[in-house]
Amino acid sequence: MADELARSQDGPLDRALAILTFVAEQKKALSVAEIAAALALPLPTAHRLIGNLEGRGLVQKALGTKRYVVGSALVTLSAKTIGAAFRTVRRNAVLSAVADRIGEQCEIGIVRDNAVAYVDSVQSKQPQGLQFNPGAAAPLHCTSTGKIYMSRLPAKVRHRLAHSLPLVRYTPTTIADPETLLVQLDIIRCRGWAKTNQEYVLGVVGCAVPIVSPDGDLIACLGVSVPSARVDFAGLDAFIDPLQEAARLLSDTIMQDRDE
């Protein structure tokens, strides 16, 4: 019976999922031989499975190499999965509570295809809140969520991304110089949260905190964007503690769902 169970858990689907999981966990592109060795797969089997995954866009070759990274289809699927995971009754209650506590609309954002995608938002009970609809997308370099994401990348990847992104100057305060952006990202990496001062939309300031897994991996970000006429840039600091508390609760609910 034990042998039959072991065999049932070592089918093509199990091996394909093991490859996807392994590739997604790495911080560098991998060769087929490295994947095969790490997962104790015969090399021909690894070639066949990786070819099938590549054909479906779940893995792809890193630019100019024969080494593999996660594919765009897997990134899109993961983004949709994260979005669906946050749109539950328990997590919506956490989001609603923090929105009411700080008196502003709160949104949950993830990064997809080098842009911030907002997957959920809740308005506060206060009137005249800033409207921020799920599905909206925004650039990395001038949003709090985007800066948190970039700050958590390995140094070389962070440097390369800052110099390859189109740093469009949306407002007079947008940081459009990669070296200046990198300095700010170092500060954000150290303190663990980010603020923006009318960098994407004139007259709007914002801040965000990370939602992380128990292992410290970034799942999403919880943030707020408000008119600067109501809350100035310095006043955003009062939102950080409530947002961090809510981010911890959101992370806890995800882990509880996984354990149930």
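## A tour starting from helix H9

Begin by selecting Val183 and Cys190 in helix H9: both are exposed, on the other side of the helix from its buried residues. One thing to keep in mind as you click around is that this is a predicted model.

**Stop 1: the whole of H9.** Now select residues 178–191 to see all of helix H9, which has 14 residues. From its first C-alpha to its last, H9 reaches 20 Å, close to the 20 Å expected at 1.5 Å a residue. Next, colour Pro178, Leu181, Leu182, Leu185 and Ile188, which are buried. Why do the buried residues line one face of H9? Look down the axis of the helix: the buried residues of H9 fall within an arc of 120°, so they line one face.

**Stop 2: what sits over that face.** Which elements help cover the buried residues of H9? Show helix H7 (144–151), helix H8 (155–164) and strand E6 (194–197), as these are among the parts that cover them. Then pick Gly192, just after H9, and check its backbone: this glycine takes a positive phi of about 90°.

**Stop 3: a threonine in the loop.** Go back along the chain to Thr174, found in the loop between H8 and H9. Is Thr174 buried or exposed? Its relative accessible area is 3%, under the 20% cut-off, so Thr174 counts as buried. Show its side chain and you'll find that it reaches the backbone nitrogen of Tyr170 at 3.1 Å. Set aside the neighbours within four places in sequence, and Thr174 is in contact with His141, Cys142, Val168, Arg169 and Glu199.

**Stop 4: from E6 to E7.** Return to E6 and add strand E7 (residues 204–212): the two run antiparallel and are joined by 4 bridges. Try clicking on Asn197, whose bridge partner in E7 is Val205. The hairpin of E6 and E7 has 6 residues between the strands, and there Gln198 takes a positive phi near 55°. While E7 is selected, look at how covered it is: 8 of its 9 residues are buried.

**Stop 5: on to E8.** Add strand E8 (residues 218–227), which runs antiparallel to E7 and is joined to it by 9 bridges. Val205 turns up again here, standing opposite Val226 in E8. This hairpin has 5 residues between the strands, and Gly216 takes a positive phi near 90° in it. Turn on the side chains as you go: in a regular strand they alternate between the two faces of the sheet.

**Stop 6: the full sheet.** Widen the view to the open sheet of 6 strands, with the order E5-E4-E3-E8-E7-E6 and antiparallel pairing. Which strands are at the edges? They are E5 (137–138) and E6, each of which pairs on one side only. Over at E5, add strand E4 (residues 115–122), which pairs with E5 in the antiparallel sense over 2 bridges. Ala117 is a handy place to look, as its bridge partner in E5 is Ala137.

**Last stop: zoom out.** Show the whole chain and you have 10 helices and 8 strands in view. Of the 260 residues, 43% are buried. Among contacts with a separation of 6 or more, 57% come from residues 24 or more positions apart. Switch on the surface to finish: the accessible area comes to about 13,700 Å², with 56% of it belonging to carbon and sulfur atoms.

Conventions
Residues are numbered from 1 along each chain as its sequence is written. This is a predicted model: local features need pLDDT of at least 70, side-chain atom pairs count only at pLDDT 80 or more; totals for chains, interfaces and linings use all residues. Side-chain values use heavy atoms; hydrogens and water are left out. The expected span of a helix is 1.5 Å times one less than its number of residues. Buried means under 20% relative accessible area, exposed over 50%, partly exposed in between (1.4 Å probe, protein chains only). The arc is that of the directions from the helix axis to the C-beta atoms. Contact means heavy atoms within 4.5 Å. Accessible areas come from the Shrake-Rupley method with a 1.4 Å probe; for residues, only the protein chains shown count as cover. Two strands pair if DSSP finds at least two bridges between them. A polar contact is a pair of N or O atoms within 3.5 Å; within protein, one must be able to donate a hydrogen and the other to accept it, and residues adjacent in sequence count only if both atoms are side-chain atoms.
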